[in-house]
Amino acid sequence: MFTTNLKRVIVSGFRSFVRSGFTSLAGVLVMTITLFVITSQIFVQAALNSALSDIKEKVDITVYFIPNVSEDDIKEIEFALKGLPEVKDVSYTSQEEALNEFKEKHANDFLTLQALEELGENPLGASLNVKAKDPSQYESISNYFEDNGVLSNSSLNIIDKIDYHDNKLIIDRLSSIISKAERLGILISFILILISIIITFNTIRLIIYMSKEEISVMKLVGAGSRYIRGPFIVSGVLVGIISAFVTTIIFIPVSIWLGDTMTDFVGVNMFEYFKSNFIQLFLIMIISGVIIGGISSIFAIARYLRK
Amino acid sequence: MIYFNKVTKKYNNNTSLEDISFTITPGEFVSIVGHSGAGKTTLTKLILAEESPTDGEVFFESVNIHKLGKKDLTNLRRKMGMVFQDFRLLPNKTAYENIAFAMEAIGRTDKEIREDVTNVLELVGLTDRSLHFPHQLSGGEKQRLAIARAIINQPDVIIADEPTGNLDPVNTNEIVNILKKINDLGTTVILTTHNRSVIDQVRKRVITLENGRITRDDKDGKYMI
């Protein structure tokens, strides 16, 4: 009994979807726009995240040592830094490397090179470049040098300067922009998705409104609420599934185009992203479509089934 | 079988029916006549529980139908077959599916549906129209289809609200004959109409409504307005 009813409901849902033709097409179009917005927001978040992590990657602090400090002393500090939970990576630049880099940088600046030659010895100190796991943690890393007893006085003496304070303003501003951008991005996605879901819901409501007369006839013929509701839900779910396929097909050329033209700008190849996350993205589209279509139908038809 | 007890129905202070009382016994063929706006359609809507009375009660087999819950109401409607002036067929279903839907709704098996629908289509002469949609059928064909749907589940009563209102005399004649045949087989029929020739053709009980009140109730009635 249950399976016969289920079969009848599904068959009838498919039939009414196909026979409604233009109306179903309108539903699919609106639903496709909704799924497109949802998926776009996932892409935007991915691009934003990659851009943000690029920026984060560029923030660092460098500890400069006075010249002619033994490498062992520096290695000791490097070891201590690596032990800090906030620190992601520490890289060591020796005096010679610093000099070579300096020469390379000023290769066309004859005067500077000559002055360096005049000096006779290497005036540059070795340095440690520290990367934190998160931009907000630079302050605590910097404080580490200043006010705790982990480092002996002797090792403090060999530090020439820490460029954190020079960069502090920029770093602070950057971390606040990053966290705001993340929050704003999520908020905008949320609003866009909400709006498109409401539009889809209203479209499905209109489609069912057009069947108002039909529903009242079904009731008069003696059909129970569940039996009337079933085919409408099947049609709504069908709209969701078909729209998910349509959206996927639309995203293939769109992501290829974005991958070709925007990769340098956003820092991530959208087509590669689409390919490597295909199953997840497709599932999100199918599930969103089915849920939005199904639930909209349930809500929309409820008012016509009260007595 | 159907009993109206001092029923009054008002729409926003416009009285549609006033103090209506009558009884219909099983197997009767009752015609309800009156001008447009006399309250005929309101009366059928009260029997179907599409509307609730402002005052009074309507009983179907000793049950007050306006006190029923949703589920009982669905079961009640399964004992009634409806035919309307505007046919009220399901536009997205073929003739065959329109009838089959009424059987599916009460959970009959596929085999029963195949047999009964084929038989009833033959009975109303629509066998060659079974795959047509309502908009592809003529008025008379639509009404025959509606009647086929109404009788498919062997209801206790057929309620036909102006079934001939949109039809020409030939089709009208045919519809009345089908209804009479159904009544001869034992089903109660309630027919509303303002068509004189229909009443004269039926020659059964006639209840006359005027301005929401019953003015006549004749056992072997003629059209008397």
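Which residue in β8(B) is the bridge partner of Phe29(B)? Keep that in mind as you go round this predicted model.

**Stop 1: the sheet in chain B**

Select the strands β6, β7, β8, β3, β9 and β10 of chain B; in that order they form an open sheet with mixed pairing. Now pick out β6 (80–84) and β10 (213–218) of chain B. These two are the edge strands: each has a single partner, so one side of each lacks a neighbour in the sheet. From one strand to the next, the twist averages 15°.

**Stop 2: inside the sheet**

Show residues 29–33 and 188–193 of chain B. These are β3 and β8, paired in the parallel sense over 5 bridges. Here is the partner of Phe29(B): Val189(B).

Next, add residues 139–151 of chain B. This is helix α5, which packs on the sheet and touches β6 and β7 (157–161). The direction of α5 makes about 170° with that of β6(B).

**Stop 3: the domains of chain A**

Move to chain A. Colour 2–55 and 176–305 as domain 1, and 67–157 as domain 2. Their centres, taken over C-alpha atoms, are 54 Å apart.

**Stop 4: a helix pair in chain A**

Select α1 (residues 2–19) and α10 (residues 225–266) of chain A. They pack at about 55°, with 8 Å between their axes. The two helices are therefore oblique to each other. Their crossing is right-handed.

Show side chains at the contact. From α1(A), include Val9(A), Phe14(A) and Phe17(A). From α10(A), include Tyr227(A), Val234(A) and Leu238(A). What classes of residue make up the contact of α1(A) with α10(A)? There are 8 nonpolar and 6 polar residues, and no charged ones.

Definitions and conventions:
Residues numbered from 1 in each chain as written. Chains lettered and ligands numbered in written order. Predicted model: local features only at pLDDT ≥ 70, side-chain atom pairs only at ≥ 80, totals over all residues. Pairing = 2+ DSSP bridges. Helix = DSSP H or I, 4+ residues; strand = E, 2+ residues; numbered from the N terminus. Axes fitted to C-alpha atoms, helices over the stretch in contact; angles between N-to-C directions. Contact = placed C-beta atoms within 7 Å. Domains from an automatic or database assignment. Parallel < 35°, antiparallel > 145°, perpendicular 65-115°, else oblique. Left-handed = near helix turned anticlockwise from the far one by under 90°. Nonpolar A, V, L, I, M, F, W, Y, C, P; charged D, E, K, R; others polar.
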